[in-house]
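Work through the following exercises with the sequence and the model open. Each task is followed by a solution in steps.

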Amino acid sequence: MEQINDIQVVPCTSSNYLKPFRVHYSQNGTKKSWDFMRTHDSVSVLIFNTTSHCFVLVKQFRPAVYMCEWERTKPKAPDSGEQATEEKEGAAVGGEETPPGSVGMTYELCAGLVDKADLSLEEIARQEVLEECGYDVPVAKLRRITSYRSGVGVTGAKQTMFYAEVSDENCVGEGGGEPQEGELIEVVKVPLHEAMTFAYDESIPKTMGVIFSFIWFHNNMSPKYKISTNV
């Protein structure tokens, strides 16, 4: 899963997932411009296994994270303009010394795009839990936590977060995502008593959704189980 090679940076002329725009507007009499991406809204699910008292996360390779880390660590070219031109035209970078694939791996909540008009948010969330983590959760068992805007400086897309309790009896498959959609996902379990240590460990790459949801669980669900999340 962490074997990443044959990297090539090319222009993105079209995409099913994002569209770049530049908006011009006037705010309090001052003319402004802003570049942004139009993207899909999404759902995410905090999954707690009541049999093993652990959270169920997903781990996957994120090219955007990988490229950001690579750009941050690689030596700067003497002529930045020349470098930008090269990247714009498309540059194969497989021959350069690149970071290990592990720097692009992130721990995340089970999540998915809101791209099915005929399904409710709950139905999409249920589908993602089944595909990515292998648990069959009835829609009625999904608890809506909240919704929020993510990437407000670039996308402004809305994500709706749910909570689902599962048991080993709900596990009907291995998960791992849909290979035909290019997904390659590892299911990861985080014991409840290690949750907050995991959340605040900066050496573990994770999304803000993981941190926020663990805190939400500590504040709202831990008293129910009378167990500590190690805060």
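Buried means under 20% relative accessible area, exposed means over 50%, and partly exposed lies in between, with a 1.4 Å probe and protein chains only. This is a predicted model, in which local features need pLDDT of at least 70, side-chain atom pairs count only at pLDDT 80 or more, and totals for chains, interfaces and linings use all residues. Residues are numbered from 1 along each chain as its sequence is written, and side-chain values use heavy atoms, with hydrogens and water left out.

**Exercise 1.** Describe the cover and the pairing partners of strand E5.

Solution.
Step 1. Helices (H or I, at least four residues) and strands (E, at least two) are DSSP runs, numbered from the N terminus. Two strands pair if DSSP finds at least two bridges between them.
Step 2. E5 spans residues 54-61, and seven of its eight residues are buried.
Step 3. Strand E4 (residues 42-49) runs antiparallel to E5, with three bridges between them. Within this pairing, Phe-55 of E5 is the bridge partner of Phe-48. The hairpin of E4 and E5 has four residues between the strands, and His-53 adopts a positive phi near 50 degrees there.
Step 4. Strand E11 (residues 186-191) is also antiparallel to E5 and is joined to it by six bridges. Here Val-187 in E11 stands opposite Val-58.
Step 5. Strand E7 (residues 105-108) pairs with E5 over four bridges, again in the antiparallel sense. Tyr-107 in E7 is the bridge partner of Lys-59.

**Exercise 2.** Locate the salt bridge of Arg-62 and state what it connects.

Solution.
Step 1. A salt bridge is a side-chain nitrogen of Lys or Arg within 4 Å of a carboxyl oxygen of Asp or Glu. The whole structure contains five of them.
Step 2. Arg-62 pairs with Glu-108, and their closest N and O atoms are 2.7 Å apart.
Step 3. Arg-62 sits in the loop between E5 and helix H1 (63-73) and Glu-108 in strand E7, so the pair ties together parts 46 residues apart in sequence.
Step 4. Arg-62 is partly exposed at 34% relative accessibility, whereas Glu-108 is buried at 6%.

**Exercise 3.** Which partners do Asp-115 and Arg-126 have in salt bridges?

Solution.
Step 1. Asp-115 bonds with Lys-116 in a salt bridge whose closest N and O atoms are 3.2 Å apart. Asp-115 is partly exposed at 41%, and Lys-116 is partly exposed at 29%.
Step 2. Arg-126 meets Asp-136 at 2.6 Å, N to O. This pair links distant parts of the chain, with Arg-126 in helix H3 (residues 121-133) and Asp-136 ten residues apart from it, in the loop between H3 and strand E9 (143-150).
Step 3. Both ends are partly exposed: Arg-126 has 28% relative accessibility and Asp-136 has 30%.

**Exercise 4.** Account for the surroundings of Glu-132.

Solution.
Step 1. Glu-132 belongs to helix H3.
Step 2. Glu-132 is buried and has no salt bridge; Arg-62, the nearest side chain of opposite charge, is 6.7 Å away. For charges, Lys and Arg count as positive and Asp and Glu as negative, while His and the chain ends are not counted.
Step 3. A polar atom of the Glu-132 side chain lies 3.3 Å from the backbone nitrogen of Ala-111.

Conventions. Polar contact = N/O pair within 3.5 Å; in protein donor to acceptor, adjacent residues only side chain to side chain.
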